[in-house]
Amino acid sequence: MLTLSALGCSDETSAKDAAGADASASAEEAETEEYVCPMHPQVRQDGPGTCPICFMDLVPGGSSGDEGDVPSVRLSEGARKLAGVANARVEAGPLDDRLEVFGRIEVSEKAEVDLSAWVGGRIERLYVHARGETVKRGQRIARIYSPELLSAQQTLIQAQRNLEQARSVDSPSRTSAAQASMRAVRDELRLLGMDSRQIDAVLAEGVARETVDVFAQASGTVRERLVSVGDYVTTGQPIVSLAALDTVWAQLEIFEQDIARVEVGQPVAVSVPALDRTLEGRVDFLAPEIEPERRVMLARVPLPNDEGQLRPGMFVEASLERRVGDDQLLSLPFSAVLWTGSRSMVYRLDSSLERPAYVPVQVELGDRVGERVVIKEGLKAGDEVAAQGAFRIDASLQIRGGPSMMSEHNDHEPVEVDAQGTRFDPPIDPARLPEGSWYCDMGTTHYAHPESGECPVCGMFLVEKGADSDEEAGDASQHSHDHSGGDHAH
């Protein structure tokens, strides 16, 4: 038992020693990982720090891929965390686009009603006095003295007498004619603004009335009173202008660059901060023009206002939603894209390599939808890309002379080198240099000369393109040595 316990203790100790050795090795590897300055690749050191030239944080250099002609960058797990690199996958499917805009409540032009005189005459009395008064449907708004109306009522009374006489003599033909005359006069009075009840009252009393009342045909708020007591009006002349507020408009301001994201029928959530309410609606009209001063287009959303709480002029906020694309639409986080004026690129994690690494992929972009961007070409669904930290990966590849964004990797046209030497800004791929020229191989090429010498940019020895591998190795060793010592190292 003692022997077994001792052996067990020995095994446990050995396991702990092995684990400690692995941890020490991992720590040593992390400590000795090379860090470089993205803007000054000659600045390198074996740990985190800042560049003495531009004071930028140094980034993990990672390790360049060694998979033939495939440019790539491999990052250890520790380097990935320190560099802030996070991955995301290319997703297939429609996107929900949300646009936040502002606007205000306005009177619906469709609900503006003018209450007019049905008969010409003089305004005897007004029952609506000021702007802003509420008017209900069927409410009396004015009384008009009308000679025309008086004459028509007298004709009505006479027609009634004629009908009574025809019936008294039992003459079917005279009765029929008197009834037709009665119907014609009643129709005329209705056209002059009298309803059936008023006409029947005139017939019952046998006395013509000199005035007629004007009633509201719709409910609303008085926008303007157009006449005063004593004014003469003609048939059809407006007396009062109403704004029916049972339905109002939310006029939303759409900036010029967002016009393509709005369409008729689009659902909208309209929030009214003053009332702490949110109403649902749909865009039913888009203005055909843009306001020249504010560069906005108006989008109209009708809203119910049965309780009258929505008042014209109120400020509103609105959220417009739309579904973009179909199940075949590809998208990725917008933060994953590096772009210049002419091209866009992402770093895709290539798991098919012997050791997975990030490789640059040029892509064609579509519209940006929220925090995602549509991918037209260059990637497929399920591809894993660097969604955060892509610029640091690009800097690492650029330091090693790879086709980064800064090196304009899509340009492979040969270049010429002047007899006095040529500087390249931005740097270029050394493959574009003529054979036999000498160049600085510190990162992408920023200087080349027809003859050997030192780089006037960084002071390093130039390397001959096409030289034997042994010579290149020797020059590279000296080049590396010069950059790792002196003032360039920490």
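This is a short talk on two sheets, three helices and one pocket in a predicted model.

Hi everyone, and thanks for coming. Please keep in mind throughout that we are looking at a prediction. I'll begin with the sheets, move on to the helices, and finish with the pocket.

Let's start with the sheet of seven strands. It is an open sheet with antiparallel pairing, and its order reads E19-E18-E22-E8-E17-E21-E20. Which strands stand at its edges? They are E19, covering 277-282, and E20, covering 285-286, and each of these pairs on one side only. Now look at two neighbours within that order, E8 and E22. Strand E8 takes in residues 95-107, strand E22 takes in residues 315-324, and ten bridges join the two as they run antiparallel. If you'd like one spot to find on your screen, go to Asp97, whose bridge partner in E22 is Arg322.

As a bit of background, strands of a sheet pair through backbone hydrogen bonds, either parallel or antiparallel.

The next sheet is an open one of four strands, again with antiparallel pairing, in the order E13-E12-E10-E15. Here E13, at 211-215, and E15 are the edge strands; each has a single partner strand, so one side of each is left without a neighbour in the sheet.

We can walk across this sheet pair by pair. Strand E15, residues 232-233, is joined to strand E10, residues 121-126, by two bridges in the antiparallel sense. One pair to look for there is Arg122 with its bridge partner Tyr232 in E15. Moving on, E10 pairs with strand E12, residues 140-145, over four bridges, also antiparallel. In that pairing, Leu126 has Ala142 of E12 as its bridge partner. Then E12 is joined to E13 by five bridges, and these two run antiparallel as well. Ile144 is a good marker for this step, with Val212 as its bridge partner in E13.

Now for the helices: H3, H4 and H5. Helix H3 spans residues 147-168 and helix H4 spans residues 172-191; their axes come within 9 Å and cross at roughly 160°. Why do we call that pair roughly antiparallel? Angles over 145 degrees count as roughly antiparallel, and that makes H3 roughly antiparallel to H4. The crossing of H3 past H4 is left-handed.

Helix H5, residues 196-205, comes in next. The axes of H3 and H5 come within 10 Å, with a crossing angle of roughly 60°, and H3 and H5 are therefore oblique to each other. H3 passes H5 in a right-handed crossing. For H4 and H5, the axes again come within 10 Å, and they cross at roughly 125°. H4 and H5 are therefore oblique to each other too, and H4 passes H5 in a right-handed crossing.

Last stop: the second largest pocket. How much space lies in it? About 490 Å³. Its lining is made up of 22 residues, and those nearest the centre are Thr134, Gly220, Thr221, Ala243 and Leu245. Two elements give two or more residues to that lining, namely strand E11 at 134-135 and strand E14 at 220-225. The largest share, four residues, comes from E14. By class, the lining of this pocket holds eight nonpolar, seven polar and seven charged residues.

That's my tour, and I'm happy to go back to any part of it. Thank you!

Key: Residues are numbered from 1 along each chain as its sequence is written. This is a predicted model: local features need pLDDT of at least 70, side-chain atom pairs count only at pLDDT 80 or more; totals for chains, interfaces and linings use all residues. Side-chain values use heavy atoms; hydrogens and water are left out. On a 1 Å grid over the protein atoms alone, a cavity is a set of points where a 1.4 Å probe fits but cannot get out, and a pocket is an open set with protein on both sides within 12 Å along at least five of seven lines; lining residues have an atom within 4 Å of a point. Grid points are joined across faces, edges and corners, and a volume is the space filled by probe spheres set on the points. Ala, Val, Leu, Ile, Met, Phe, Trp, Tyr, Cys and Pro count as nonpolar, Asp, Glu, Lys and Arg as charged, and the others, Gly among them, as polar. Two strands pair if DSSP finds at least two bridges between them. Axes are lines fitted to C-alpha atoms, for helices over the stretch in contact, and angles run from 0 to 180 degrees between N-to-C directions. Angles under 35 degrees count as roughly parallel, over 145 as roughly antiparallel, 65 to 115 as roughly perpendicular and the rest as oblique. A crossing is left-handed if the near helix is turned anticlockwise from the far one by less than a right angle, and right-handed if clockwise.
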